[in-house]
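Here is a short briefing on one protein model. Please look over the sequence and the structure first.

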Amino acid sequence: PFNKDFKPVALGDTNLFKPITVGNCKLKNRVVLAPLTRMRAEHPGNVPNKKWAVEYYDQRSKTPGTLLITEAVFISAQAGGYDNAPGIWSEEQMAEWKKIFAKIHENGSFVWPQLWNLGRQAFPECMKRDGLRYDSASDNIWMDDEVKEKAKNAGIEQHGITEDEIKQYIKDYVQAAKNCIECGADGIQIHSANSYLLNQFLDPVSNKRTDKYGGSIENRARFTLEVVDAIVDAIGAERTAIRLSPYNTFGGMSGGYDPTLLAQYAYVIGELEKRAINGKRLAFLDIFEPRVSNPFVDEGVGAYDQGTTEFVFSIWKGIVVRTGNLALHPEVAKEYLKNKNTLLGYGRYYISNPDLVERLRKGLPLSSYDRPSFYAMSDKGYTDYPTYEEAVKLGWDKE
Ligand SMILES: O=C1CCC=C1CO
């Protein structure tokens with residue numbers, strides 16, 4: 001059904017539909033499919049869903065010149081820990097991604113996989129079952145008591161990774177980035193947000209290390225920046241992006257409640273701008289806005305209003321994607337679009353509106369999403385959301 005509480009606003013004559021070049025991609029609009037885990041990959045093997053994934057991405061790339069970031073993709077088995085999320089380290093996985101990327105390009109759109117490394121967000125029992133480590137920045141600094149219990153029951157400790165293991169992960173990131181390009185992707189996004197491993201290094205709440213990867217702003221940023229540099233060397237800055245979430249509290253992160261944390265992000269972004277000035281500007285910075293402080297709660301719940309991401313624009317002079325509860329707030333979208341380098345990421349409402357780009361252009365009603373099916377192994381809530389025209393045929397405008 002259409003969301004009745006929302007008054008659509010046509011954005012077709014705003015900057016949202018002003019072309020912009022991102023990396024090597026000539027975009028015709030600034031709507032971005034945000035990275036959305038959907039838990040429909042096949043187990044064992046973490047293979048993208050062979051029945052539905054091509055159609056899911058096909059439906060969401062129909063407006064030519066749109067930038068899609070894929071769901072988060074594991075760089076290796078050791079970086080994983082969810083049976084139904086996809087990887088891009090094996091031939092079988094790459095064969096499926098080639099089909100997905102080809103379909104998106106057939107529609108004249110562009111695709112950037114998000115490279116994922118879970119750390120302490122992994123399911124401990126999965127890591128134990130598969131004979132893998134249960135990793136984080138430090139030993140046994142638990143995300144929450146539930147996970148601590150699960151790890152104890154599974155008989156696995158949380159392991160503060162060694163410098164050699166960090167080096168191996170950097171190799172895994174590079175190989176995964178190369179695999180993405182080989183499969184036809186236009187670039188990759190490094191996931192350094194939302195409480196996953198790289199974020200566990202950035203945040204002093206989870207990083208108690210005393211080596212060169214902890215104990216100071218520079219040291220906590222080291223792993224993320226080494227990943228950036230290694231991937232840029234491998235596939236080029238124009239094919240490399242990164243996601244950061246200064247205010248996210250999901251997964252036991254500090255968010256704005258640690259007054260020193262913004263300095264951590266200003267430093268990382270400053271280092272990215274220094275690289276840019278030296279000729280290696282990343283294609284874009286994807287900032288998770290404090291409008292959403294936890295991706296698993298309803299819009300508006302827990303929004304952090306004691307700080308903004310405006311500091312980013314005092315440092316970074318490149319392209320910024322801003323994501324966070326924007327579909328229901330065209331007034332905020334218009335505000336963000338006043339910056340000529342800004343693109344807008346849309347998540348939940350891009351799930352339930354495969355033709356979201358056209359709906360935003362014309363100010364058409366938005367179909368509500370069904371949260372219980374966000375992470376279900378079903379085509380329901382994945383490929384069965386109608387376009388606006390199909391919904392009208394179903395009589396949704398008459399309800
Ligand atoms: O970042 C997040 C939050 C939930 C899943 C992911 C991976 O894209």
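Which residue in S12 does Thr323 stand opposite? Thr323 faces Gly345 in that strand. The model is predicted. The points below start with the barrel, then turn to strand S5, a helix and the cysteines.

**Barrel**

- The barrel is closed by 8 strands, in the order S3-S4-S5-S8-S9-S10-S11-S12.
- Pairing around the barrel is parallel.
- From one strand to the next, the twist averages 25°.
- Strands S11 (residues 320-323) and S12 (residues 342-346) run parallel and are joined by 4 bridges.
- Within this pair, Thr323 is the residue opposite Gly345.
- Strands of a sheet pair through backbone hydrogen bonds, in either a parallel or an antiparallel sense.

**Strand S5: burial**

- Strand S5 spans residues 110-116, and 7 of its 7 residues are buried, so the strand is largely enclosed by the rest of the structure.
- Both faces of S5 are covered.
- On one side sit Phe110, Trp112, Gln114 and Trp116, all buried.
- On the other side sit Val111, Pro113 and Leu115, also all buried.

**Strand S5: neighbours**

- Strand S4 (residues 67-74) runs parallel to S5, and 6 bridges join the two.
- Across this pair, Ile69 stands opposite Trp112 of S5.
- Between S4 and S5 the chain passes through helix H2 (residues 91-106).
- This β-α-β crossover is right-handed.
- S5 also pairs with strand S8 (residues 188-191), in the parallel sense, over 2 bridges.
- Here Leu115 stands opposite Ile190 in S8.

**Helix H8**

- Helix H8 covers residues 261-277 and lies across two strands, S9 (240-244) and S10 (284-288).
- H8 runs at about 170° to S9.

**Cysteines**

- How many disulfides does the model hold? The count comes to 0, with sulfur pairs required to lie within 2.5 Å.
- Cys183 is in no disulfide. Its nearest cysteine sulfur belongs to Cys180, 6.7 Å away.
- Is Cys183 buried or exposed? Cys183 has a relative accessible area of 6%. Buried means under 20%, so Cys183 counts as buried.
- Cys126 has a relative accessibility of 7%, and therefore counts as buried too.

Conventions: Residues numbered from 1 in each chain as written. Predicted model: local features only at pLDDT ≥ 70, side-chain atom pairs only at ≥ 80, totals over all residues. Heavy atoms only, no water. Pairing = 2+ DSSP bridges. Axes fitted to C-alpha atoms, helices over the stretch in contact; angles between N-to-C directions. Contact = heavy atoms within 4.5 Å. Buried < 20%, exposed > 50% of the residue type's maximum accessible area, 1.4 Å probe, protein only. Right-handed = clockwise from strand over helix to strand, strands pointing away.
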